[in-house]
Amino acid sequence: MTDQQRLQKATRNLFFFTGGEFIGTIGAHIFMFGISFFVLTLTGSASSFALTFLCSMVPRIILAPIAGHVVDRLPRKKVVVTAHALMTVTMLLVFFYTMSFGLSMPVIYITAVLLAIFSTFAGIGLTASISNFVDGARIQRAVSLTQSSTSLATILGPVLGGVMYGFLSIEMFFLIHAIAYATALICEINIDFSLYKNELHTEDAQQNEPMIASLKSGIAFVKGHRVLLPIMLVALWVNFFFMAAVVGLPYIIIEVLGATSSQFGLVEAMIGAGTLALSAFLSTRKEFQKPIRTMRFGMISIGFLFALLALPLLVSMGSPSFIIYYMAVNFLLGAAMIIINTPILVLMQKTTPEHYRGRVFGLLEMVASGISPIGLILFGFLYDFVSPSLIILISATLLIVVTVIGLRPSKVDDESAIETDVEEKVVKVAEA
């Protein structure tokens, strides 16, 4: 295959990858909207509603490292396609069961758990494979387009779900979700996962390595990496402190400032708009030349924007004014998230060896997701007893401090990231 033919095939891969991600994500958001309304209507219980999300969250945290091990050991296309096929079958089985026997809360909980399990394997498998089916020069474009499609699906999903909920039965939400997964599955089947794959590291010894030993070697790799470990540690604390905004913003806007649910919906939608706008912009730009510096800027920016959430609590604003203010801040927060996420994902794709990539992304998934429930519980408790403005300002300050210390230039910089990438390439050439 010539280089030109490979680039053409990479373009085809990028099309199917982005299309599959968009269709699967928008189907998931439509489904979650319908299920959320159904659970609240059926039970009227916030705890039942929360338990549904917990069923979707806990399996991801527990299984992410295991999924990383499986992704590194087995052909990634086979893992991704099998996982998405099982998700499609699950939704079809639930659809036919519900049509025959009706829908109950146990069925919803079981479905949430199964989807979380399968999507963990599919998500890590796809993320770890981006540099295998897209050329190196377009990895940032692939990451940005994926985030654009996810952001657009996040915005459109609830809107379409709200319209459909008034006209369709809950069973149809299951069927639509199954169709979305089936479409994503067809897209993934058409992706060539081995277009740029490096086969040099697939020794029999590693392929037969026991799972515990495999996970330990993945952790050891991250611990010894001069770039990945600092990034993961900082991401852990950033996610923790950001939970103060996830919990606090609805409480501040609705309970403290007295906004309506529709006004709050506008504020929330602006995060998706911000991520969509900047990720679409980055998909047309050249790759970041200084990813560490870009990440550091993005995280510090989020800290300052986070602090600005407290301003309407300290300075009196009228109803239209504070809604517009929060919409603007949330738009910038969404953009700042892309400034962080895009260089992190591109850097991890380029500096992580092929045979470690699944375990590294699995560990990142566990670290990022595992701290969230702790933050949700802690800040949910604090907002009942402590001034919201004080929580926001302290959390914003700690977020900035963690970033400045954890990503200080003396500890991790762009030169070290480049050196790591070069060292990996030298090893590959030497082995070849």
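The crossing of helices α14 and α15 is right-handed in this predicted model. Their axes approach within 10 Å and cross at roughly 150 degrees. Angles over 145 degrees count as roughly antiparallel, and α14 and α15 are therefore roughly antiparallel to each other. Helix α14 spans residues 319-351, and helix α15 spans residues 357-382. On the α14 side, the contact is made by L345, M348 and Q349. On the α15 side, R357, V360, F361 and L364 take part.

Helix α14 also packs against helix α6, which covers residues 139-165. Here the axes come within 9 Å and cross at roughly 135 degrees. That angle makes α6 oblique to α14. The crossing is again described as right-handed. From α6, the residues involved are I139, Q140, V143, S144 and Q147. They meet I338, N341, T342, L345, V346, Q349 and K350 of α14. L345 and Q349 thus appear in the contact with α6 and in the contact with α15.

A further helix pair is formed by α1 (residues 3-43) and α7 (residues 170-189). The two axes come within 8 Å, with a crossing angle of roughly 165 degrees. This makes α1 roughly antiparallel to α7. The crossing of this pair is left-handed. The α1 face of the contact includes the glycines G19, G20, G24, G27 and G34. It also includes F16, I23, A28, I30, F31, I35 and F38. The α7 face consists of I170, F173, F174, H177, A180, Y181, T183, A184 and C187.

The nonpolar interior was examined next. The largest nonpolar core has 65 residues. Within this core, I253, Y326 and F379 have the most contacts. Helix α10 (residues 228-256) gives the largest share of the core, 15 residues. Apart from this core lies another, of 26 residues. Among its members are M87, F95, F118 and F174. F174 is also one of the α7 residues that meet α1.

I253 was followed through its contacts beyond four places in sequence. These are G258, A259, F264, V267, F322, I323 and Y326. Y326 is, like I253, among the residues with the most contacts in the largest core.

Two neighbouring positions in helix α15 were examined. G375 lies in this helix. It is buried, with a relative accessible area of 0%. Beyond four places in sequence, G375 touches F240, M243 and G380. Its C-alpha atom is 29 Å from that of G162, a residue 213 positions away along the chain. L376 also lies in α15. At 30% relative accessibility, L376 counts as partly exposed. Outside its neighbours within four places in sequence, L376 is in contact with M57, M243, V246 and V247. M243 is therefore a contact of L376 and of G375. The C-alpha atoms of L376 and M232 are separated by 20 Å, across 144 residues of sequence.

Two further positions involve helix α11. I271 sits in this helix. It counts as partly exposed, at 22% relative accessibility. Leaving out residues up to four places away, I271 touches N330, G334 and M337. Its C-alpha atom lies 25 Å from that of A122, with the two positions 149 residues apart along the chain. S283 is found in the loop between α11 (261-282) and α12 (291-308). At 8% relative accessibility, S283 counts as buried. Its contacts beyond four places in sequence are R141, S144 and L145. S144 is also one of the α6 residues that meet α14. The C-alpha atoms of S283 and V94 are 38 Å apart, and the two residues are 189 positions apart along the chain.

The cysteines were considered last. The structure holds zero disulfides. C55 is buried, with a relative accessible area of 13%. C187 is buried too, at 11%. C187 also belongs to the α7 residues that meet α1.

Methods: Residues are numbered from 1 along each chain as its sequence is written. This is a predicted model: local features need pLDDT of at least 70, side-chain atom pairs count only at pLDDT 80 or more; totals for chains, interfaces and linings use all residues. Side-chain values use heavy atoms; hydrogens and water are left out. A disulfide is a pair of cysteine sulfur atoms within 2.5 Å. Buried means under 20% relative accessible area, exposed over 50%, partly exposed in between (1.4 Å probe, protein chains only). A nonpolar core is a set of buried Ala, Val, Leu, Ile, Met, Phe, Trp, Tyr and Cys residues joined through side-chain atoms within 4.5 Å. Helices (H or I, at least four residues) and strands (E, at least two) are DSSP runs, numbered from the N terminus. Contact means heavy atoms within 4.5 Å. Axes are lines fitted to C-alpha atoms, for helices over the stretch in contact, and angles run from 0 to 180 degrees between N-to-C directions. Angles under 35 degrees count as roughly parallel, over 145 as roughly antiparallel, 65 to 115 as roughly perpendicular and the rest as oblique. A crossing is left-handed if the near helix is turned anticlockwise from the far one by less than a right angle, and right-handed if clockwise.
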